[in-house]
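Please look over the sequence and the structure below before reading the notes that follow. They are grouped by topic, with whole sentences under each heading.

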Amino acid sequence: MINYENEVFERWGDTNAYKEHTAKTKNYTDEKWTDVNNGLMNIFADFAECKNKGNAPDSSDTLAMVSTLQKYITLNFYTCTDDILLGLGKMYVADERFKNNIDKYGEGNAEYVSKAITCYLGVKQNV
């Protein structure tokens with residue numbers, strides 16, 4: 001596993017989310033990290049399943065997956081605000097490392113997740 005700790009610190013080390021992440025994960029064992037990361041990847045696999053079933057990024061099933069993703073990140077890493085979620089969605093397609101990892105479940109999955117996040121946040125703002 002590649003360690004991106006220095007890059008993460010340089011980009012986000014002065015944010016509250018980084019500080020919260022550090023505090024929340026400081027006692028994670030290797031086994032816990034594996035479980036948490038596998039859980040996150042399972043969510044991306046579920047997105048691919050939604051996509052493969054023909055669900056549009058703004059379908060109720062897909063929007064529910066975005067809610068699940070946001071809650072999962074908050075539970076296991078840091079409070080995933082709507083602004084952070086939007087930034088993640090953009091990063092999922094802009095950063096080839098994220099894109100390639102999420103696209104392991106099917107070509108275009110990262111783009112699908114990104115669009116779903118945008119749709120989800122649009123629906124939330126209109127409620």
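Which residue's side chain is joined to that of Thr62 by a polar contact? In this predicted model, the partner is Tyr112, and the polar contact between the two side chains is 2.6 Å.

**Thr62 and its surroundings**

- Thr62 has its place in helix H4, which covers residues 60–76.
- Thr62 counts as buried because its relative accessibility is 0%, and the cut-off for buried is under 20%.
- When its neighbours within four places in sequence are left aside, Thr62 is in contact with Phe47, Cys50, Asn55, Ala56, Pro57, Tyr112 and Ala116, so Tyr112, the partner in the polar contact, also appears in this list.

**Aromatic pairs and a cluster**

- The count of aromatic pairs comes to five.
- In the pair of Tyr28 and Trp33, the ring centres are 5.1 Å apart and the planes stand at 65 degrees, so this pair is edge-to-face, given that planes over 60 degrees apart are classed in that way.
- One aromatic cluster is formed by Phe44, Phe47, Tyr92 and Phe98, and Phe47 is also one of the residues in contact with Thr62.

**Around Tyr28**

- Tyr28 is buried, with a relative accessible area of 16%, whereas Trp33 is partly exposed, with a relative accessible area of 27%.
- Lys32 lies over the face of Tyr28, at 5.2 Å from the ring centre, while the ring of Tyr28 also takes part in the edge-to-face pair with Trp33.

Notes:
Residues numbered from 1 in each chain as written. Predicted model: local features only at pLDDT ≥ 70, side-chain atom pairs only at ≥ 80, totals over all residues. Heavy atoms only, no water. Phe/Tyr/Trp six-rings, centres within 6.5 Å; stacked < 30°, edge-to-face > 60°. Buried < 20%, exposed > 50% of the residue type's maximum accessible area, 1.4 Å probe, protein only. Lys NZ or Arg CZ within 6 Å of the ring centre and 35° of its normal. Helix = DSSP H or I, 4+ residues; strand = E, 2+ residues; numbered from the N terminus. Polar contact = N/O pair within 3.5 Å; in protein donor to acceptor, adjacent residues only side chain to side chain. Contact = heavy atoms within 4.5 Å.
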